[in-house]
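I opened this entry to record what I looked up about how the protein meets the nucleic acid, and then about one helix in the protein itself. My notes follow the order in which I checked things.

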4 protein chains.
Amino acid sequence: MNEIEKDRGPKFRRRAEARPDEVLDAALALFIEKGFAATRVEDIAKRAGLSKGAVYLYFPSKEAVLEALVRRAIVPIADSALQTLHDYEGDPRIVIGLVLNMLAARLSDPRILAMPKLIFREVLGFPELAQMYRREVIDRVIPAVEGLIRRGIDQGYLRQVDPSLTIRSIIGPLLLHVAMAELFGIMPEGGLHLDKLVDNHLSILFDGLSAPPSAKTWSAS
Amino acid sequence: MNEIEKDRGPKFRRRAEARPDEVLDAALALFIEKGFAATRVEDIAKRAGLSKGAVYLYFPSKEAVLEALVRRAIVPIADSALQTLHDYEGDPRIVIGLVLNMLAARLSDPRILAMPKLIFREVLGFPELAQMYRREVIDRVIPAVEGLIRRGIDQGYLRQVDPSLTIRSIIGPLLLHVAMAELFGIMPEGGLHLDKLVDNHLSILFDGLSAPPSAKTWSAS
Amino acid sequence: MNEIEKDRGPKFRRRAEARPDEVLDAALALFIEKGFAATRVEDIAKRAGLSKGAVYLYFPSKEAVLEALVRRAIVPIADSALQTLHDYEGDPRIVIGLVLNMLAARLSDPRILAMPKLIFREVLGFPELAQMYRREVIDRVIPAVEGLIRRGIDQGYLRQVDPSLTIRSIIGPLLLHVAMAELFGIMPEGGLHLDKLVDNHLSILFDGLSAPPSAKTWSAS
Amino acid sequence: MNEIEKDRGPKFRRRAEARPDEVLDAALALFIEKGFAATRVEDIAKRAGLSKGAVYLYFPSKEAVLEALVRRAIVPIADSALQTLHDYEGDPRIVIGLVLNMLAARLSDPRILAMPKLIFREVLGFPELAQMYRREVIDRVIPAVEGLIRRGIDQGYLRQVDPSLTIRSIIGPLLLHVAMAELFGIMPEGGLHLDKLVDNHLSILFDGLSAPPSAKTWSAS
DNA sequence: GATGAATGAGATTTCATTCAT
DNA sequence: GATGAATGAAATCTCATTCAT
């Protein structure tokens, strides 16, 4: 931060204030790989390039590392989703498309993908984690999306649907896509291809699976 | 059940062939509540009404309890879904509706809901679990659904979509609904109401979120 | 023992009073194979063809099985060695040769070989075992052999040696031969060949390793 | 050693590089006393002046302690025996006498005596131990001794005997002497007196138990 | 600030022994 | 007499956390 210290090449960045962040990076990788319970503090330390004891200089417990990890990651994501939600005013389908594509782009970065994976995996064991995530992310995003849908209905862009339940129809397919890939290794050939999933999903989400009646009539005639 | 025998303390129950099942029931409850790693074998035993050592009469290890648990639960579910998939031939939307409603009904039973919760939570730590689930459930259900969609497209019921990716659009919303409720306690007032979710989801899935063009025209004029 | 019971074919010997002996046979085999500590009572029971609980009808504890085992085996061996020691009066070398050859013949039977193996292995952990073995075997055999040697010296058959220490020179080579074979698998090709060992050993024991002085002279001239 | 540091309780000793050796010393004493199976890791730790967990800082398992123990002890002994065997060229009886006296001197140290006791006791349960002992000791010593005997025969020092079997006659008496003392408490008054045993044994080994024929004649006449 | 040796509570697993049937 | 389900003490090993240096 300071003018003299700045960022003087990677060689001189040892022992900087970035230490806690390096611990979090290491912990994230390991929590994803093996889970919270099966990750030893010593592993985290080793991967972060410092000693076991040093971890406790920055965090009072292993659990605190997990909490800090989640806190660090979720706020920016929620913020940028909310930003997009607020910036656009017209056809909500445009906004939904933008947000889903933004999400798809972000989640293609494994470092970011790691966070929801971690949260979904560990949240049952750490109620504070659930509360934090709810407070910081869910309780801010859901009302915004619900409002978006409600306005879309009011303005005639969308059919009459339950805004709250419809959120599941908008986000759920992404979650399942990621879950299938991460938990069972089931994904399109060559990778997640989240962009293709979003394309396919948006076309169904907006226009439905059903063939247009006219089309059917045409082909039948 | 008998008035005299009733449930008079655990000491006098011998040669109950239901023992392994009682252990599994106890383990399921605890694994869900606290996770596999944080559940002690002694907890399982106590809840099943026997001693720590007795658990090892029926299962060679704690991990074996988990595997048996999953095996016991998943096959029937997959079977009945496949049954429905095979029994109907015409409009695939009917079949999809039937299967989703069947799923909704089943998952309303907490004992059944517990299984996917458990699997999703622990599968990262137990590759064998993932393989078993894949083999027994996923690899049987996915091809059946893909075939259903493909035939629906060929017969003019459905629009041109990617059958494989579309599976995510069909199932994903249920997963998210359950996840929100179970992980963060976010659900409609008064309960999961999976039936309402499925209603809302099916209407979007088949007909899309977009208001019909004529409607828009009308409202705009 | 009784005229009627006798030994009426193997078919009718089930549930006879031989039960405890069958337990001991099974225990012996397993104690040899895996040691006392690593042998489970259930293994003994299974091998003896009865249930775990039945073992406790005959023996109050696992340790009691070991003691009974040793007691059963050692007395006859000591008896027959003592018999031979007492029966001969003249040249003690004849007696020593007879006894060693008798020992060699007996120890070629794995069932008999098992006992000293077992005793040597477990005696450190069971002082009572040591006492029993000492009382029943060692304290009867050693004085007899010492007396034999002493008389041999007095009668001019043997050189002046320490009778007590000489016992080690007489028996030690057999012990080492068996130990090398049993512990490390080091033995003559094709088996223990205890008879050959005894031949070689007796010739050294009586006449010494050294070449006769005259022979040396001859070969040198 | 230093007057101020002395041995002021276990709490203030840190970074002692001798730790693993202290653990081995403690383990040796206990394994001898109670056997491997009956010795708890906590006992070892307590005797070494540290905590249960600390043992696992130095050795990955209790079994590894045993292996390290044996490895530490046997190589020097085998080495010095081989040294003696190789250094002398002439009359093999001289070499045999030197080696046996060297062995006697060494085994008078209880710390060294403990090792063969331990190995003989536990080797049946740990095949790796047997292999290690064979590789490091037996397979190096036996060929050397066999060669010595063979050369002694060729050069006219020794009678025609089986070199391989004769090894038993050379070493066996020492083994039995030690075994009787350690297992049953049978030994000359006042201690092992291995030197006296070796004296008596060597005289028999080289010259035989039999009285010289001339002597017999003399005494008879 | 940093280290890593040390601790000790706690987890899984084994098995001799008991005892209702 | 026989069974084998059940117990529970005890053993090995792990690892979050502390603290002397």
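**DNA strand F, DNA strand E and helix 2 of chain A**

I began with DNA strand F and its polar contacts, keeping in mind that this is a predicted model. A phosphate oxygen of DNA strand F lies 3.3 Å from a polar backbone atom of D:T39. I then looked up A:V41, where a polar backbone atom is 2.8 Å from a phosphate oxygen of the strand, and C:Y58, where the partner is instead an N or O atom of the side chain, at 3.1 Å from a phosphate oxygen of DNA strand F.

Next I asked which residues come nearest to DNA strand F. Of the 32 residues around this strand, the nearest are A:V41, B:R19, B:S51, B:Y58 and D:K52. By class, I noted twelve nonpolar, eight polar and twelve charged residues on the surface near DNA strand F. Helix 3, residues 52-58, supplies at least two residues to that surface from each of chains A, B, C and D. On the strand's own side, 65% of its atoms within 4 Å of the protein belong to sugar or phosphate, and the rest belong to bases.

I then turned to DNA strand E, which is surrounded by 32 residues, with B:Y56, D:R19, D:S51, D:K52 and D:Y58 as the closest. A phosphate oxygen of DNA strand E is 2.5 Å from a polar backbone atom of D:S51, and a phosphate oxygen of this strand is 3.3 Å from a polar backbone atom of B:T39. I also found a contact to a base, in which a base nitrogen of DNA strand E is 3.4 Å from a polar backbone atom of A:G53. The elements that give two or more residues to the surface near DNA strand E are helix 3 of chain A, helix 3 of chain B, helix 3 of chain C and helix 3 of chain D. For the class make-up of this surface I wrote down twelve nonpolar, eight polar and twelve charged residues. Of the atoms of DNA strand E within 4 Å of the protein, 66% belong to sugar or phosphate, while the rest belong to bases.

Last, I went back to A:V41, which belongs to helix 2 of chain A, residues 41-48, and which is buried there along with A:D43, A:I44, A:A45 and A:A48. What do the buried residues of this helix pack against? They pack against helix 1 (19-34), helix 3 and helix 4 (62-87) of chain A. Just after helix 2 of chain A, I noted that A:G49 takes a positive phi of about 80 degrees.

How values were computed
Residues numbered from 1 in each chain as written. Chains lettered and ligands numbered in written order. Predicted model: local features only at pLDDT ≥ 70, side-chain atom pairs only at ≥ 80, totals over all residues. Heavy atoms only, no water. Near = heavy atom within 4 Å. Polar contact = N/O pair within 3.5 Å; in protein donor to acceptor, adjacent residues only side chain to side chain. Helix = DSSP H or I, 4+ residues; strand = E, 2+ residues; numbered from the N terminus. Nonpolar A, V, L, I, M, F, W, Y, C, P; charged D, E, K, R; others polar. Buried < 20%, exposed > 50% of the residue type's maximum accessible area, 1.4 Å probe, protein only. Contact = heavy atoms within 4.5 Å.
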